[in-house]
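Reader: I'm new to this one and would like to go through it slowly. Could you put it up so that we can both look?

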Amino acid sequence: MAKVVLREVEKSFGGRDLFKGLSLELDEGMRLAVAGPNGGGKSTLLKILAGVETPDAGQLIVPRGARVGYVAQELSEEDLACPLLGWVLAALPSWSGFWREWEHAARDHDEAALARLSREQAELEHSFGYNPEHKARAVLSGLGFFDEELSRPVRALSGGWRERAKLARVLLQGADVLLLDEPTNHLDIEAVEWLERYLLSFRGAVAFVAHDRIFLDKVSTHVLFIAGGRAVLRKGDFSTYVLWEEECARLRDKEQAKLAAKIEHEYDYIRRFRVKARKAAQAQAKLRRVEKMQEELTRSKDESRAARPGRSLSFSLPTSSRGDKSAITAVDLAHHYGDLKHHWPPLTFHIFRGKKIALVAPNGAGKSSLLRLAAGLAQPTSGSIIRGGNTKIGYFSQHQTEILQPTATVLAEARRLSDPEVLDQGIKDVLGLFMLGEDYFDRPVSRLSGGEKSRLVLASLFLAKSNLLIMDEPTNHLDLESRQALVDALADYEGALFLVAHDRFLISEVADEVWVLGPDGLTQYLGGYPEYEEKRQALAKARDSEARSAAREADARPRAEEAPSASRRLTKEDKRRQAEIRNRLSKDLKPRKEAYAAAEAELEALMAEQSETETRLHDPETYKDSELTQKLATRYKTLSDEVEAAFARLHSLEEEIAALEAKRDTLLAEGGEE
């Protein structure tokens, strides 16, 4: 596959630059995660790559014949009336037409036509498989559809399941470049993991937007972070990008601190000598320089804020009221709809004060129904559910934004939904945590996006000082930064939590226990997400290859038994040789650690010079001297390359040091004390 190329692309919206001078190449095997805050231009970039939107400037180059797979936003009436399997298969070329041509050519002994059709057959089988219906069923099954649903019209599917159907159609039709905008929304954990495996085996290029931190790390080979009109491309997964950005931020912070100290020193001079006739002119000149330095410092801080993914905020949540020891008790709880189909067998469970529980199950298993029963928003068919007398419930679902008053301001709505004892400053602090700071306080609710309304409702749950939060998919439509804010808030929350979410990062960071809802009732993993994940992966492996697992265990047992005896039989000569190797490794480590310290110092010096050069390039006075401008621009490009090389050296040294330390530790473990 030839590369898809963006060259010096620019795009603005509402007078604001989304990105400027953006150039990149999408090559085979590349999986590009497009990240950044909501409204930063991520989805717009995918639309430009898909040819749905046109850039304001620059060029999109798509190789002739390249197939681009992009999920359409709208479905026509014809689409909605089509059965699910037929609609997904409609994305493929018709095999029946091909076979009619083949039969005619074979009957007429048309060797040229048969040769052409043989080539066409090979291309079709390579792109779509010999049996496209089988592949379609496999994709739909992987995304959570059951066989009995494949004949239902697309119209009968809910919004979330329609999104899955769109994704299935794009995956089935085959593409050289896949463009996926939030593909994990509406998928349960099993479907997300199936999609991860699919994309990891996909041979073409992928560009995707996702706010699932674990999905980002597992799938991405490159990250393009877009924020504040700035686009940064880095190789590696998202966590690698975050670490790199944190290191850059640390160095920027040091430079900003130096600049702030210099500004203060200059201001001190100005304050002392401004009123003295002999020094006044000099003080005034210093003042102009200081004002420019202050502008530089402000610009640097703004760029730092925009560049940091998931930046942390300091906050303090209102203390929730103290609830009963048992917040909720359910005994033989059952529920069904009008068709008398029970979601699950009768359930008996307790939710205790302060416990944080994540409820997981496939879509359609009745998770949301159980949450509504717990919140008192639905009545059980049989059994009972008892809430403690002092239990104050805060409930969130994706439809809870309907409780907001459209004409009220954000601050007024937060006040209305807060506990009366929460002070105004506390309200503002929590709004700030959920990215609804001062700029939003006087904004009418009607002018908020769907994600912003969700954040306002989430903020109000904490402001109401509830001691039991019941939350149904709270991270849908939240960007990475907002999700991190929610994780921080729930981790600090002192009350109990009963949560349904498909965001594995949220569950792993917040939940004390994981409860799995299935045909046999509730299975409780008291060790939280690690225990649940370990058990689930073990069961999956057992289902996939029970025989091979047994064989591997049989092979591993003798090796495990032999290892200790070999260790016990180490001779004095063996130990002497191991000691020599350990000493040599220690000697190898010392110069590498010294080289690492030197490389880190070199990097700091390079970034300091780069920052100073950039400041001079931003100064209008510089452009009066064209020779100086050219010299500075050349130096800035050289410094950028040297900074990149310095980062690479640091990374290489880190890997060498880690490998040597691991080897030394292994020898210590094998040889024991001499």
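Reader: To start with one residue, is Glu196 buried or exposed?

Author: Glu196 counts as buried, because its relative accessibility is 3%, where buried means under 20% relative accessible area, exposed over 50% and partly exposed in between, using a 1.4 Å probe and protein chains only. Before we go on, this is a predicted model, in which local features need pLDDT of at least 70 and side-chain atom pairs count only at pLDDT 80 or more, while totals for chains, interfaces and linings use all residues. Residues are numbered from 1 along each chain as its sequence is written, and side-chain values use heavy atoms, with hydrogens and water left out.

Reader: OK, and which residue does Glu196 form a salt bridge with?

Author: Its partner is Lys218, with the closest N and O atoms 3.8 Å apart; a salt bridge here is a side-chain nitrogen of Lys or Arg within 4 Å of a carboxyl oxygen of Asp or Glu. The pair links distant parts of the chain, since Glu196 is in helix α8 and Lys218 in helix α9 (residues 213-219), 22 residues apart. Helices (H or I, at least four residues) and strands (E, at least two) are DSSP runs, numbered from the N terminus. Lys218, at 41% relative accessibility, counts as partly exposed.

Reader: How many salt bridges does the structure hold?

Author: The structure holds 23 salt bridges. In one of them, the side chains of Arg536 and Glu190 meet at 3.9 Å, N to O. Arg536 lies in helix α18 (residues 529-544) and Glu190 in helix α8 (residues 189-201), so this pair ties together parts that are 346 residues apart in sequence. Arg536 counts as buried at 14% relative accessibility, whereas Glu190 counts as partly exposed at 36%.

Reader: Which other side chain meets Arg536 in a salt bridge?

Author: Glu533 does, with 2.8 Å from N to O. Glu533 and Arg536 are 3 residues apart in helix α18, and are therefore separated by about one helical turn. Both Glu533 and Arg536 are buried. Through salt bridges that share partners, Glu190, Glu193, Glu196, Asp212, Lys218, Arg504, Glu533 and Arg536 are joined into one network.

Reader: Switching topic, what about Lys367, which is buried yet has no salt bridge: what is the nearest side chain of opposite charge?

Author: That is Glu473, 5.7 Å away from Lys367; for charge, Lys and Arg count as positive and Asp and Glu as negative, while His and the chain ends are not counted. Leaving out residues up to four places away in sequence, Lys367 touches Leu359, Val360, Ala361, Pro362, Val500 and Leu517, where a contact means heavy atoms within 4.5 Å. Lys367 itself lies in helix α12 (residues 367-375).

Reader: And which strands does α12 lie across?

Author: Helix α12 lies across β10, β11 and β13, running at about 55° to β13; axes are lines fitted to C-alpha atoms, for helices over the stretch in contact, and angles run from 0 to 180 degrees between N-to-C directions. The 3 strands form an open sheet in the order β11-β10-β13, with antiparallel pairing, and two strands pair if DSSP finds at least two bridges between them. β11 (347-352) and β13 (382-387) stand at the edges with a single partner strand each, so one side of each is left without a neighbour in the sheet.

Reader: How many bridges join β10 to β13?

Author: There are 5 bridges joining β10 (residues 326-334) to β13, and Ile328 stands opposite Arg387 in β13.
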